[in-house]
Amino acid sequence: MKNPPQPDKTIDIKKEGVFLDQTLRPAKWNDYIGQQDIKNNLFILLKAAEERSQQPEHILFYGPPGLGKTTLAYLISKETNKQIKITSGPAIEKVGDLASILTNLSPGDILFIDEIHRLNKNIEEILYPAMESSSLDIIIGKGPSARTIQLELPPFTLIAATTRMSMLSSPLRSRFSGGTFRLEFYSDEEIAQIIKRSASILEVDVDEETSLEIAKRSRFTPRTANFLLKRCRDLAQVNKNDLDKETVTKTLEMLGIDTLGLSQLDRQILSTIIDKFKGGPVGLGTIAAALSEESSTLEEVNEPYLIQLGLIERTPRGRMATEKAFKHLKVKFEK
Ligand code: ADP
């Protein structure tokens, strides 16, 4: 029996038009603030491939959400003038989904797979020959009569992003021959620069001091910065005020974000470790269960920021709250 045609689970951004928060997404390298080392490496990689008239090699970006991994993939597609097709690990449910995506690529395309760590392991395996030799091994039939046929794929570049590097199998990791790049958190000054650029696109006036104030509460993360800027703009607009420091303070109070940029969930994590487990060590799964949250959310979204701020430490026996965390929650620190 012939398999029914598989739906193409990618998005062609040219056809789909505006996608997510694309208005604020940098469309030029100059607007992509920070991550200079990664940019320098990418320039060389892309230029060298262009000079050899070759397809750029496969690239992996990793780091917490909202740091600019997807944006880099878009910029690479612009820089190389190649079409980008976008999909994500969880959207690819069957081997056939990935086979259909790969066979629908045009020569030179960039395939972006977000959250690649959520790709099923048996689906992942068909990526190996695709990445290594641009071929696709398909098994036809079942049992003793099953046979493998090999399809030639057009040359393409896979750009993948993950928030959980440790969940990627080593055969997959090793196939990103162009390089694996870790995105770093941004400095307050870089975030303030991003806020000023976004403010001018949104046509709101924000002075230096105010943008730095928003930056300080933005988890060192551009996506959070843009989110906070938009919420501050809303309050200023509704109250017919300027977007000044006072508006920022009020907006963040309403959103439950404190002076360190901690959300309510961040604070609950700290107070669970401190109050229920005497400051730790305690396993992440136990903290997640106590808060009825997914441990993957805590690990991907909250923990990197809490560690970056020096509020918790990861030890072999579990997570521990630091003296700074006790102070922030105004609890007496005891060793
Ligand atoms: P990720 O894929 O890592 O989750 P995105 O690339 O979707 O993050 O970035 C989230 C948003 O943050 C983007 O839409 C963009 O507006 C903004 N952004 C990310 N990185 C930068 C940067 N380096 N400079 C300016 N804006 C950025």
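This is a short talk about a ligand site and a few backbone details in one protein model.

Hi everyone, thanks for coming. Please keep in mind that we are looking at a predicted model.

Let's start with the ligand. How many residues surround the ligand? There are 19, and the closest are I33, G66, K69, T70 and T71. If you sort the shell by character, you get nine nonpolar residues, five polar ones and five charged ones.

Where does that shell come from? Two helices are worth pointing out: α3, which spans 69–80, and α9, which spans 222–238, each give at least two residues to the shell. On the domain level, domain 1 (11–182) and domain 2 (188–255) each contribute at least three residues. The ligand therefore has residues of both domains around it, with domain bounds taken from an automatic or database assignment.

Now for the polar contacts, which I know many of you will want to see. A polar side-chain atom of K69 sits 2.8 Å from an oxygen atom of the ligand. R223 also offers a polar side-chain atom, at 3.0 Å from a ligand oxygen. With L67 the partner is in the backbone: one of its polar backbone atoms is 3.3 Å from an oxygen of the ligand. And how much of the ligand does the protein bury? On its own the ligand exposes 560 Å², and the protein buries 97% of that.

Let's move on to the backbone, and to two residues with positive phi.

The first stop is F220, in the loop between α8 (208–216) and α9. Its phi is near 55°, a positive value in a residue that is not glycine. Is F220 buried or exposed? Its relative accessible area is 17%, and buried means under 20%, so F220 counts as buried.

The next stop is K240, in the loop between α9 and α10 (245–255). Here too phi is positive, near 55°, and again the residue is not a glycine. K240 has a relative accessibility of 74%, and the cut-off for exposed is over 50%, so K240 is exposed. If you have the structure open, α9 is a handy landmark, as the loop with F220 runs between α8 and α9, and the loop with K240 runs between α9 and α10.

One last detail before we finish. Which residues does a cis peptide bond join? They are G280 and P281, with omega at about 5°. You will find P281 in the loop between α11 (264–276) and α12 (284–291).

That's my tour, and I'm happy to take questions.

Notes
Residues numbered from 1 in each chain as written. Predicted model: local features only at pLDDT ≥ 70, side-chain atom pairs only at ≥ 80, totals over all residues. Heavy atoms only, no water. Near = heavy atom within 4 Å. Polar contact = N/O pair within 3.5 Å; in protein donor to acceptor, adjacent residues only side chain to side chain. Areas by Shrake-Rupley, 256 points an atom, 1.4 Å probe, with all protein chains shown as cover. Helix = DSSP H or I, 4+ residues; strand = E, 2+ residues; numbered from the N terminus. Nonpolar A, V, L, I, M, F, W, Y, C, P; charged D, E, K, R; others polar. Buried < 20%, exposed > 50% of the residue type's maximum accessible area, 1.4 Å probe, protein only.
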